[in-house]
Every structure is written in C-alpha cells, then in structure tokens.
Amino acid sequence: MEAMDIFADDRAGDLLVRLKASERIILTGHRGPDGDAVGSTLALWNHFKEQGIESTVVFPDAYPKFIHWMNGHDEIVLHSDQPELAEKLILEADVLFVQDYNDPSRVGDLQESLEKTKAFTVMIDHHQRPTDFVDMMFSDEKSCSTCEMVYRLIDRWGEASKLSVDTASCIYCGIMTDSGSFRFPSVSAQTHLIAAALIETGMDHSVIHARVYDTSREGKLKLVGYALSEKLQVFPEYHAAIISLSIEELDKFGYEKGDTEGLVNTALSIEGVNFAAFIHESSDRVKMSFRSVGDFSARDFSAKYFGGGGHHNAAGAASTDTLDQVVSKVIDLLPNYLEALDYPAP
C-alpha cells in the first residue's frame, strides 16, 4: 500500500494522545448527510467506542433511510430535532471533528456554534479548496472519499488490525457511495486495497450494496420514472442535460430523503452528454447537483455562479432564487461553456 502522505507526520499520533485525554469528543458532518458523511463519522464513533474512547455524532439534519442500518445510527444527535442539545455539545466539546466538509457554511444552522466553539478542531475531508478554520487539517482532494481517509488515519495509528465488522461496514459504505461503486476516476489502487482489507474483517460487501441500492419504495421508482420521462431536458448542442423538480412534483410521489439520489448521474450517462444538473426545490431553498466529464470543472461552475463547491467533476450548491430562475440561469450559461463542454474524444 502506498505511503500515507498527509498522515505521515507526527500529527496523527499527537491527535490520538489528545483523544485519549479528552472527555467530550464530537464528530460532525455536513448538512444533508450522505453515505460518506455518515459512514466516516460513525466509523470513528464505533472505533473509538471499541478502544474505550467515548464520542458523540452531531449532524445538522436527517439523512436517507437507506443508510440508517449503520451501527450507532440511533445515537446520532440531529440539530433539526434537538437544536439546544446539538449546539451545547459543539460549544462544550474538547475535540471536535469536521468530517466530509471543509467550510463552516456547510453545516447550516450549526455554523454559529461551530464558529464559537473553543474545542480543538480537526478536519478530515477530501473536497477541493478547504477553508482554514480548524486547528488540525487532514485534507486530501485526491482521495475518493472521507471514509478512505478515516481508514488511513486508523491505519496510521496502528489499529487497522483492530477494525470491527461495524467499523469496517461504515467505512466501506462511504467509499462505495462516494466513488460511484468504485467507478469514479478518484478511485486508486489504494482504494481497492483498503476495500480488500475491510472485507477481510468479515463484513459482507454485497449486503451493504443491497441495503443502499436495492431497497426502493414504489413511490421513489415512480418519481424517477416521472423525472426521466417528463422533466429531463437534453441540450445536444451543448452536450448537457438538466432535470428539475418542484416541491409539488416531489410531494406527488411521497418524496423521502434520498429518493432522487443518483438522478444527476443518470442524466450524465446519456450518450454525448458531458455536463448534467439536477435541480429541485426544498422547503427553504433550491438545491443543485452538478456532474461533468473530463476537463470541465463542475466545481468551478458551481462556485462561480451559485457559491457552491465540491469536486472537479461533482459539485453542489443552493440558492434562494425560484426553481424557474435557477433552471433558466443554468440554461443561459451553457453557451458560454460550449467549448469546455465539448464531448471528449474516445
């Protein structure tokens, strides 16, 4: 396995010493948690617990049911359900982990508490252009997931051989979901070696895949069908595709968190499409997911026009404009990027 790069210095060891001496360790993830955010925090929560170190996971809001199976799910504190407790835990923490996000704006209503905490803050994240707001930063944009980084940190501590099935399952879920089931360019030989080590703990990777991808409600499938048959807009002249959904359309199919997961990748899979956007309304804003192929940076597009962020080929953003305004803006911008969106030669 290749060198541990960002974990190769003394900071990882210093962190472990600090953790063993701390009483209030808080693990946080971004708003709208996904498999990598939940997997990376619960992986450390499980591993710490098994090593006699107590910690608590705090999220801004809820996450899809298809990742509720991870051990420790019932122990997570959601700010959306218990705002006072969540804020108190962050403000009074000794050590606070910032996982799978690299800017305080990504935690929504928890941002004020995050910025006020006196805790020693530690970032573990793989997104581009991190904001320097923590005391110890482990940032690696070449890593396919934050969960991969969590494994590397535990390995650096010399504790990879102690991984339980519960911890390994959390890590595997985050790697699998954030790597598109190991198909994205960010997947490396090291990623596969880590996956092999996780499987060797006895965890069942096929069960995890089934729990995440093979548990669809009827309403979800009908929503996806509607989105593709009625709301998909393809712009062949720009090698682009857009899917948009209003709150009314989502409610019509009994929308639940996670139902539209992967829709933007489906749009990107269309032959000749090099840039895809999925745009939908929520209760207080319009959310966007962008995907691209090749040299065109979805991250730069998202950041420049919508204040978003993410990875080179996968990014997200939010806006207080109306759904129609956001969709029109994205469409109006496409001609400016015609050359960049040109479909790459095989």
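**Exercise 1. Determine which elements the buried residues of helix α13 pack against.**

Solution. Step 1: the buried residues of α13 pack against β7 (232–235), β8 (240–245), β9 (275–281), β10 (286–292), α12 (298–306) and β12 (314–319). Contact here means heavy atoms within 4.5 Å, and the helices (H or I, at least four residues) and strands (E, at least two) are DSSP runs numbered from the N terminus. The model is predicted: local features need pLDDT of at least 70 and side-chain atom pairs count only at pLDDT 80 or more, while totals for chains, interfaces and linings use all residues. Residues are numbered from 1 along each chain as its sequence is written, and side-chain values use heavy atoms, with hydrogens and water left out.

Step 2: the buried residues of α13 (residues 323–333) are L323, V326, V327, V330 and L333. Buried means under 20% relative accessible area, exposed over 50%, and partly exposed in between (1.4 Å probe, protein chains only).

Step 3: viewed down the axis of α13, these buried residues fall within an arc of 130 degrees, so they line one face of the helix. The arc is that of the directions from the helix axis to the C-beta atoms. The face turned away from the buried side carries the exposed residues D324 and D332.

**Exercise 2. Describe the surroundings and the pairing of strand β9.**

Solution. Step 1: 6 of the 7 residues of β9 are buried, so the strand is largely enclosed by the rest of the structure.

Step 2: β8 and β9 run parallel and are joined by 6 bridges; two strands pair if DSSP finds at least two bridges between them. H280 in β9 is the bridge partner of L245.

Step 3: β9 pairs with β10 in the antiparallel sense over 7 bridges, and a hairpin of 4 residues joins the two strands. K287 in β10 stands opposite H280.

**Exercise 3. Establish the strand order of the open sheet of 6 strands, and the helices α1 and α3 that pack on it.**

Solution. Step 1: the order is β3-β2-β1-β4-β5-β6, with parallel pairing. The edges are β3 (77–78) and β6 (136–139), each with a single partner strand, so one side of each is left without a neighbour in the sheet.

Step 2: helix α1 (residues 11–20) packs on the sheet and touches β1, β4 (95–99), β5 (120–125) and β6. The direction of α1 makes about 125 degrees with that of β6; axes are lines fitted to C-alpha atoms, for helices over the stretch in contact, and angles run from 0 to 180 degrees between N-to-C directions.

Step 3: helix α3 (residues 83–91) touches β1, β2, β3 and β4, and its direction makes about 120 degrees with that of β2.
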